[in-house]
Amino acid sequence: MHELSICQSLIDQVEQIALTHGAQSVESVKLKVGPLSGVEPLLLQHAYPYASAGTLAAESTLVIELAPLKVSCETCGAETEAEPSWLVCGACGSCHTRLVSGDEMILMSVELITAEGTNHV
Ligand SMILES: [Zn+2]
């Protein structure tokens, strides 16, 4: 299952951060996912408890923020939002566009429980 392996590498990354900061556990993980990232947010949510079981992130919540799909137009220079299946300029309709955002999966922040309390990194 594709999303489970994505989740496992995400948990690896989160655990590294938690260990670096001497955290006791992870409270929440915030992720930004674009519509062209190839990741299905719902499946990621389902896979998360399995991937995090037995790790410092076992009790944590996965928060997924959807990134907008944006293209920059090479004809008129406008930056507009587009549909995943139809990457045309929203201003002039040109198909000579460049993807600005929408294919990313970024770890935005991690909320950690440390001896001093809650810590956002
Ligand atoms: Zn345009």
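## From a buried serine to the zinc site

At 15% relative accessibility, serine 28 counts as buried, because the cut-off for that word is under 20% relative accessible area. The model in which this value was computed is a predicted one. Serine 28 belongs to strand S1, and, once neighbours within four places in sequence are set aside, its contacts are Ser60, Thr61, Ser109, Val110 and Glu111. Asparagine 119 stands 91 residues away from serine 28 in sequence, yet the two C-alpha atoms are 10 Å apart in space.

Strand S1, which runs over residues 25–33, is also one of the elements against which the buried residues of helix H1 pack, together with helix H2 (41–52), strand S2 (61–66) and strand S6 (105–114). Helix H1 itself comprises 19 residues, from 2 to 20, and spans 28 Å between its first and last C-alpha, close to the 27 Å expected at 1.5 Å a residue. Which residues of H1 are buried? They are Glu3, Ile6, Cys7, Leu10, Ile11, Val14 and Ala18, and they lie on the same side of H1 because the arc they cover around the axis is only 140°. On the other side of the helix, Gln16, Leu19 and Thr20 are exposed. Just after H1, glycine 22 adopts a positive phi of about 60°.

The buried side of H1 leads on to the interior of the model. In soluble globular proteins, nonpolar side chains tend to be buried together. Here the largest nonpolar core contains 22 residues, and Val14, Val26, Leu44, Tyr48 and Leu62 are those with the most contacts inside it. At least two residues of this core come from each of H1, S1, H2, S2 and S6, while H1 gives the most, with six residues. Valine 14 can be followed individually: leaving aside its neighbours within four places in sequence, this residue is in contact with Val26, Val29, Ala57, Leu107 and Val110. Val110 is thus a contact of valine 14 and also of serine 28.

A further part of the structure to examine is the metal site. The zinc ion has as its protein donors the SG atoms of Cys73, Cys76, Cys89 and Cys92, which lie 2.3 Å from the ion. The angles among the four donor atoms run from 106 to 112°, and the site is tetrahedral. Along the chain, the donor residues follow the spacing C-x2-C-x12-C-x2-C. Distant parts of the chain are linked by one pair of them, 16 residues apart: cysteine 76 sits in the loop between strand S3 (70–73) and strand S4 (79–81), and cysteine 92 in the loop between S4 and strand S5 (97–101). Cysteine 76 is partly exposed at a relative accessible area of 40%, and cysteine 92 is likewise partly exposed at 41%.

Strand S3 also holds serine 72, which counts as buried at 12% relative accessibility. Not counting residues up to four places away in sequence, serine 72 touches Ala78, Glu79, His96, Thr97, Arg98 and Val100.

Proline 35, finally, is placed in the loop between S1 and H2, where its relative accessible area of 42% makes it partly exposed. Apart from neighbours within four places in sequence, proline 35 is in contact with Ala67, Leu69, Pro84 and Gly102. The C-alpha atom of proline 35 is separated by 17 Å from that of threonine 97, a residue 62 places away along the chain.

Conventions: Residues are numbered from 1 along each chain as its sequence is written. This is a predicted model: local features need pLDDT of at least 70, side-chain atom pairs count only at pLDDT 80 or more; totals for chains, interfaces and linings use all residues. Side-chain values use heavy atoms; hydrogens and water are left out. Helices (H or I, at least four residues) and strands (E, at least two) are DSSP runs, numbered from the N terminus. The expected span of a helix is 1.5 Å times one less than its number of residues. Buried means under 20% relative accessible area, exposed over 50%, partly exposed in between (1.4 Å probe, protein chains only). The arc is that of the directions from the helix axis to the C-beta atoms. Contact means heavy atoms within 4.5 Å. A nonpolar core is a set of buried Ala, Val, Leu, Ile, Met, Phe, Trp, Tyr and Cys residues joined through side-chain atoms within 4.5 Å. Donors are N, O and S atoms within 2.8 Å of the metal (3.2 Å for Na, K and Ca); water is not among the atoms, so sites may look incomplete. Four donors count as tetrahedral if all angles lie between 85 and 135 degrees; four count as square planar and six as octahedral if opposite donors are over 155 degrees apart and all others between 65 and 115; anything else is irregular.
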